[in-house]
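Here's a quick walk through the fold, one region at a time. Have the model open and follow along.

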Amino acid sequence: MTGHGDHPRLPDDFRDRLDPQPVVSSTVGYRGRVWDVVTDEVDLGPEGGHVTRDYVRHTGAVAVLAVRGDSGAEEVLLIQQYRHPVGTFDWEIPAGLLDIAGEDPRDAAARELREEADLDATRWDVLLDLFTSPGAVSENLRVFLARDVHPAIAEGFVREGEEAGMPTGWVALDTAVEAALTGRMHNGIAVASVLAGSVARQKDWATLRPANAPWPEHPAYR
């Protein structure tokens with residue numbers, strides 16, 4: 001047994017433990033347009049006892065770090081979208097909900113890239129898996145790295161609301177990293193993705209996973 005401040009060293013292959021705890025009761029306190037607010041009573045066992053937690057039940061989402069350019073001089077695509085809760089036109093990467101039943105995550109990512117940036121890609125890999133805010137939202141998000149990008153058209157799709165007329169543009173991956181580290185870019189998904197993209201590039205993309213890599217953390221894909 002370790003004392004105060006005496007922490008063991010984790011193994012090099014440490015990972016999150018997927019182990020949903022028993023839900024004693026569950027109620028929907030608010031049904032929203034896109035997601036609901038849920039109250040669960042959870043049994044955490046003899047030590048934790050029963051706790052009540054409110055959270056946003058989320059469908060999950062995908063995002064795309066689209067990359068072009070020569071090795072070592074890669075550029076990434078950013079889009080700027082108004083986000084009302086924070087009152088900011090923030091720079092992001094293309095992303096969207098997994099709200100079509102049975103849709104493959106890679107196909108959803110390709111759809112979002114077409115709809116938001118008029119692009120497609122011939123090379124897809126998994127860059128990153130995220131819980132965007134695990135204490136408050138059940139969202140699982142998968143970020144794909146899209147390479148060999150080319151123009152495409154999302155037939156029949158009309159950009160509305162915050163997506164209407166939103167700015168888009170290419171920026172050097174190193175510049176995006178600097179923007180994240182100096183507080184000029186705040187979107188959590190974009191920040192995590194450009195930092196992960198930079199590290200993956202340093203490792204010659206060896207950390208990438210296949211586009212169809214298992215995703216058991218998302219309940220729909222276990």
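## Helix 2, a covered helix

Start with helix 2, which is mostly covered: 10 of its 13 residues are buried. Keep in mind that you're looking at a predicted model. The buried set is made up of Pro105, Ala108, Ala109, Ala110, Arg111, Glu112, Leu113, Glu115, Glu116 and Ala117. What do these buried residues of helix 2 pack against? Their partners are strand 4, strand 5, strand 7 (95–97), strand 8, strand 9 and strand 10 (168–172).

Length-wise, helix 2 (residues 105–117) checks out: at 1.5 Å a residue its 13 residues should span 18 Å, and the end C-alpha atoms are indeed 18 Å apart. At the N-terminal end, Asp104 acts as a cap, with a side-chain oxygen 2.9 Å from the backbone nitrogen of Arg106. Just after the helix comes Asp118, which has a positive phi, near 55 degrees.

## Two nonpolar cores

Now for the greasy parts. In soluble globular proteins, nonpolar side chains tend to be buried together. Here the largest nonpolar core has 26 residues, and the members touching the most others are Leu65, Ile93, Leu127, Val143, Leu145, Met185 and Val194. At least two residues apiece come from strand 4 (61–68), strand 5 (75–83), strand 8 (119–131), strand 9 (140–151), helix 3 (173–181) and helix 4 (188–202). Helix 4 is the top contributor, giving 6 residues.

Leu65 is a good one to click on. Not counting neighbours within four places in sequence, Leu65 is in contact with Val76, Ile93, Leu127, Val143, Phe144, Leu145, Ala146, Ser193, Val194 and Gly197. Another core lies apart from the largest one; this one has 19 residues, including Val64, Leu77, Leu98 and Ala117.

## The strand 5–strand 6 hairpin

Strand 5 and strand 6 (residues 88–92) run antiparallel and are joined by 5 bridges. Across the pairing, Gln81 stands opposite Asp90 in strand 6. The two strands form a hairpin with 4 residues between them, and Gly87 in the turn has a positive phi of about 60 degrees.

## Salt bridges

There are 15 salt bridges in total. Which residue does Arg201 meet in a salt bridge? The answer is Glu74, at 2.8 Å from N to O. The pair ties together distant parts of the chain, since Arg201 sits in helix 4 and Glu74 in the loop between strand 4 and strand 5, 127 residues apart. Both Arg201 and Glu74 are buried.

Asp129 and Arg209 also pair up, at 3.0 Å from N to O. Again distant parts of the chain are linked: Asp129 is in strand 8, Arg209 is in strand 11 (residues 209–210), and 80 residues separate them. Asp129 has 27% relative accessibility, so it counts as partly exposed, and Arg209, at 30%, is likewise partly exposed. Elsewhere, salt bridges with shared partners join Glu103, Arg111, Glu112 and Glu115 into one network; Arg111, Glu112 and Glu115 are among the buried residues of helix 2.

One further pair is Asp19 with Arg17, whose side chains meet at 2.7 Å, N to O. Is Arg17 buried or exposed? Arg17 has 71% relative accessibility, over the 50% cut-off, so it counts as exposed. Asp19 has 38%, so it counts as partly exposed.

Technical notes. Residues are numbered from 1 along each chain as its sequence is written. This is a predicted model: local features need pLDDT of at least 70, side-chain atom pairs count only at pLDDT 80 or more; totals for chains, interfaces and linings use all residues. Side-chain values use heavy atoms; hydrogens and water are left out. A nonpolar core is a set of buried Ala, Val, Leu, Ile, Met, Phe, Trp, Tyr and Cys residues joined through side-chain atoms within 4.5 Å. Buried means under 20% relative accessible area, exposed over 50%, partly exposed in between (1.4 Å probe, protein chains only). Contact means heavy atoms within 4.5 Å. Two strands pair if DSSP finds at least two bridges between them. A salt bridge is a side-chain nitrogen of Lys or Arg within 4 Å of a carboxyl oxygen of Asp or Glu. The expected span of a helix is 1.5 Å times one less than its number of residues. A polar contact is a pair of N or O atoms within 3.5 Å; within protein, one must be able to donate a hydrogen and the other to accept it, and residues adjacent in sequence count only if both atoms are side-chain atoms.
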